[in-house]
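Visitor: I've just opened this one and I'm not sure how to read it. Could you walk me through it, feature by feature?

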Amino acid sequence: MTTKRKSTKPHRRTANAPENSFVAGGFAPAPEDASILRLDTKPRRLLIGGKWVAGASTRETINPATGEPIATFAIAGPKQVDAAVAAARRAYEGEWSALPAAERGKLLFRLARLLQERSREFAVLESLDGGKPIRESRDIDIPLAAAHIFHHAGWADKLDYAAPGRRPRPLGVAAQIIPWNFPLLMAAWKLAPALATGNTVVLKPAETTPLTALLLGQLIEEAGFPPGVVNILTGAGQTGATLAAHPGVDKIAFTGSTAVGKAIQRALAGSQKRYTLELGGKAAHILFEDCAIDQAVEGIINGIFFNQGHVCCAGSRLFVQEGIADTVIRKLKRRIETLVVGDPLDKNTDIGAINSPEQLERIQELVAAGKAEGAECWQGPQTLPRRGCWFAPTLFTGCSQSHRIVREEIFGPVLAIQTFRTPAEAIEKANNTPFGLSGGVWTDKGAKIFKVTGALRAGVIWANTFNKFDPSSPFGGYKESGIGREGGLHGLHAYLDLHHQSPTMS
Amino acid sequence: MNRISVRKTHKLYIGGDFPRSESGRTFRDGEAEHAIEASRASRKDLRNAVVAARKAQPGWAAAPPFLRSQILYRAAEMVESRAESIAASLATAPGTSEKSALAETHATADLLVHYAGWCDKYQSIFSSVNPVSGPFFNFSVPEPVGVVGLVAPAAPGLLGLATALAPALAGGNTAILLAAPGHAATALAFAEALATSDLPGGVANILTGLRDELLPHFASHMDIDSLIVHNTTRDQRVAIQTAAADSLKRLTFPEPGRDTPPPYDILNLQEIKTTWHPVAS
């Protein structure tokens with residue numbers, strides 16, 4: 001499979017790339033060895049009620065860096081969804097609820113430890129299946145996933161302290177639909193609080209990145225979770241829709257696009273099911289003249305090129321105060337020129353492969369729209385590999401608020417730059433969007449930080465840093481970026497019924 | 001000759017003013033001889049109320065919590081001082097005695113006092129300094145969701161209004177409250193108490209009208225951030241949730257017997273904002 005060349009094709013490609021065509025930036029190749037995965041050709045199955053079973057059909061998952069198939073996985077149909085929900089219900093009403101909270105927590109601690117032990121394997125698999133640089137899967141995705149499970153494990157027997165005056169109870173069966181940009185990390189974000197609070201789960205990984213969730217399923221078995229506590233249904237959008245609409249589900253947790261989030265809210269109409277949605281973003285990243293420019297440039301790079309820009313909280317709208325705009329843009333271009341784009345498994349790589357041909361098309365479409373609407377496009381000089389899905393790091397200057405590249409989530413390595421004169425103007429422009437997931441502020445003035453972070457209508461604000469995550473730190477959006485929080489004390493509430501009064505309250 | 005009494009025109013409460021419906025329409029609200037001609041709010045009146053609420057919201061959210069607290073306390077004072085006239089209006093509802101109406105009015109004043117006390121406390125309860133692994137100071141605080149639509153419960157007529165409104169206002173939101181059928185006169189009496197309580201115009205807006213007519217517009221309005229609707233049927237919930245999806249409104253359909261007590265009802269109308277800042281090594 002190769003991606004079609006389009007008139008808007010991002011960048012030149014080398015003809016007849018040799019085997020080491022991924023190597024760029026003057027570094028000797030340093031690829032991770034994928035043989036650790038012991039990949040075989042057996043089709044991957046679904047985990048339902050503690051058994052690995054076949055689905056309604058099968059599909060191949062593709063390495064986006066090469067276009068080559070990695071493995072065959074199952075597509076769960078309505079029958080498998082029924083079976084998984086029923087298994088989750090049985091486990092909820094049986095063994096799982098009977099288990100003392102501290103023991104429940106110990107199973108999660110075990111799972112976190114198992115994941116840490118096999119983190120290298122998970123990192124390689126994540127990069128192979130999804131295209132993200134091994135440096136990120138190794139240093140961020142997998143350690144954070146393990147940390148998330150470990151953190152929540154400790155909550156299991158302390159839930160009474162999470163809601164003063166209440167006697168929290170679990171909700172029941174949680175359907176969790178996760179995206180392809182952080183496949184294992186998002187699975188951990190969802191599984192850990194659901195299980196710590198005593199719910200059972202049916203997890204639906206994304207269709208382009210099913211493999212690490214299935215491997216996690218093996219660890220869940222190995223850890224000794226009762227059958228049916230976690231069920232894993234790979235599949236496509238239809239599988240997720242069937243699962244979300246299933247009458248046996250008490251709670252839905254979804255991470256993905258705003259359009260699908262709205263469709264889920266419609267599909268749940270009248271059901272009284274609880275739901276949390278973690279949706280799109282278009283974060284404003286604001287640089288004031290008094291900021292530390294070199295550090296801010298690193299922050300911008302991390303903000304938009306982390307995970308190829310496939311990040312809902314990516315700093316995709318840059319606002320630079322006029323006096324430093326030329327300097328910032330010059331430094332930014334120079335820094336982008338040093339980024340290594342190429343083999344996700346190479347430890348030198350900064351920007352890996354675009355996750356799928358569909359996503360590449362979406363990026364190409366929006367970049368073409370940016371040019372057509374009159375913004376000025378600049379792209380990094382990187383030579384892109386011939387096969388697979390790639391996009392060069394891209395900047396747009398001369399953007400206006402009405403441009404599609406400023407209004408719409410691109411979910412790729414594309415930054416739209418605007419300038420401003422006063423803090424009030426920056427705040428006004430930053431908030432002028434239906435999204436409200438994240439934001440960034442760079443200034444050396446403490447009072448200005450709090451003025452701006454307080455005024456931004458978004459759920460996560462990074463001041464003099466960007467794209468930092470932690471299990472104890474709540475994450476989630478205002479407005480059309482979602483409903484509810486994940487992580488931290490506030491994330492627990494999404495999986496708890498707080499209608500019951502604590503017996504100690506009068 | 002006996003004195004001719006001065007009767008009241010029953011109007012809406014929008015942006016601190018008492019306008020008639022822009023549509024010029026009224027509807028008959030209440031039972032038998034107690035029925036009144038109440039203003040029948042239109043979709044346009046709702047929009048006007050949302051504009052007023054949106055305009056007032058940043059100022060109300062930015063007001064010092066101690067000030068919000070004092071203003072809600074002042075609202076309680078105004079309800080108390082008008083208790084007899086408010087209770088007289090409430091007592092016209094079927095099944096309500098004068099005695100129970102007065103008790104409900106006093107309970108309403110007490111409820112406002114209770115929420116006045118929450119204005120500067122729920123933040124401490126729901127805020128956290130998060131122990132992140134790394135050289136960062138990281139904290140989470142609640143912030144008001146913004147403009148809230150409230151469709152009042154059918155009963156109790158007065159206490160229901162205050163129970164819906166107080167958590168929204170205590171939390172720095174502004175609100176558009178639709179009175180329940182049969183309680184238009186009581187809702188207006190309550191609005192008059194609020195209007196004399198130093199509550200800035202637009203913070204609380206109260207509409208009377210036909211629920212079925214206005215519900216779809218509450219659900220679909222793109223500038224209402226959250227909506228709480230009491231006494232819904234399943235069909236109504238389907239329609240509201242479907243229409244509300246485009247604006248990703250935060251929806252609550254309170255269920256009988258499953259109350260959300262304070263301060264969790266305040267939290268229900270808050271967003272959590274998390275801020276990160278590096279700590280120098």
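Visitor: Into which domains is chain A divided?

Guide: Domain bounds come from an automatic or database domain assignment. Here chain A has domain 1 (34–279 + 484–497) and domain 2 (284–471). Taken over C-alpha atoms, the centres of domain 1 and domain 2 of chain A are 30 Å apart. Before we go on: this is a predicted model, where local features need pLDDT of at least 70, side-chain atom pairs count only at pLDDT 80 or more, and totals for chains, interfaces and linings use all residues. Residues are numbered from 1 along each chain as its sequence is written, while chains are lettered from A and ligands numbered from 1 in the order in which they are written.

Visitor: How many residues does the contact take from domain 1 and domain 2 of chain A?

Guide: Two residues are in contact if their C-beta atoms, placed from the backbone, lie within 7 Å. The contact takes 25 residues from domain 1 of chain A and 23 residues from domain 2 of chain A. On the domain 1 side, α3 (119–130) and α4 (134–153) of chain A each supply at least two residues, and α4(A) gives the most, with 8 residues. Those labels follow DSSP runs, numbered from the N terminus: helices are H or I, at least four residues, and strands are E, at least two. By class, that side of domain 1 has 10 nonpolar, 11 polar and 4 charged residues. Ala, Val, Leu, Ile, Met, Phe, Trp, Tyr, Cys and Pro count as nonpolar, Asp, Glu, Lys and Arg as charged, and the others, Gly among them, as polar.

Visitor: And the two chains? Which element gives the most to the side of chain B that touches chain A?

Guide: That would be β10(B), with 8 residues. The whole contact takes 28 residues from chain B and 33 residues from chain A. Elements giving two or more residues on the chain B side are β4 (136–144), α9 (234–244) and β10 (270–278) of chain B. That side has 11 nonpolar, 10 polar and 7 charged residues.

Visitor: How many bridges join β17 of chain A to β10(B)?

Guide: Two strands pair if DSSP finds at least two bridges between them. Strand β17 (residues 460–463) of chain A and β10(B) run parallel, joined by 3 bridges. For instance, Ile461(A) has Thr275(B) as its bridge partner in β10(B).

Visitor: In what order do the strands of the open sheet come?

Guide: There are 10 strands, in the order β13(A)-β14(A)-β15(A)-β12(A)-β11(A)-β16(A)-β17(A)-β10(B)-β4(B)-β3(B), and the pairing is mixed. At the edges stand β13 (376–379) of chain A and β3 (128–129) of chain B; each has a single partner strand, so one side of each is left without a neighbour in the sheet. You can see the mix in the pairs: β13(A) and β14 (residues 394–397) of chain A are antiparallel over 4 bridges, with Cys377(A) opposite Phe396(A). By contrast, β14(A) and β15(A) run parallel, joined by 3 bridges, and β12 (residues 317–321) and β15 (residues 414–420) of chain A pair in the parallel sense over 5 bridges.

Visitor: Is Thr433(A) buried or exposed?

Guide: A residue is buried if 20 or more other C-beta atoms lie within 10 Å of its own, exposed if 12 or fewer, and partly exposed in between, with C-beta atoms placed from the backbone. Thr433(A) is buried because 23 other C-beta atoms lie within 10 Å. You'll find Thr433(A) in the loop between α13 (423–431) and β16 of chain A. Leaving aside neighbours within four places in sequence, Thr433(A) is in contact with Lys282(A) and Arg407(A). Lys445(A), in the loop between β16 (438–442) and α14 (446–455) of chain A, is partly exposed, with 13 other C-beta atoms within 10 Å.

Visitor: Where does the kink lie in α1(B)?

Guide: The bend at a residue is the angle between axes fitted to the seven residues ending there and the seven starting there. In α1(B), a kink of about 35 degrees lies at Ala56(B), shortly before the proline Pro58(B). Buried residues of α1(B) include Leu46(B), Val50(B) and Trp60(B). The helix's buried residues pack against β5 (147–151), β6 (174–178), β7 (204–207) and α8 (211–220) of chain B.
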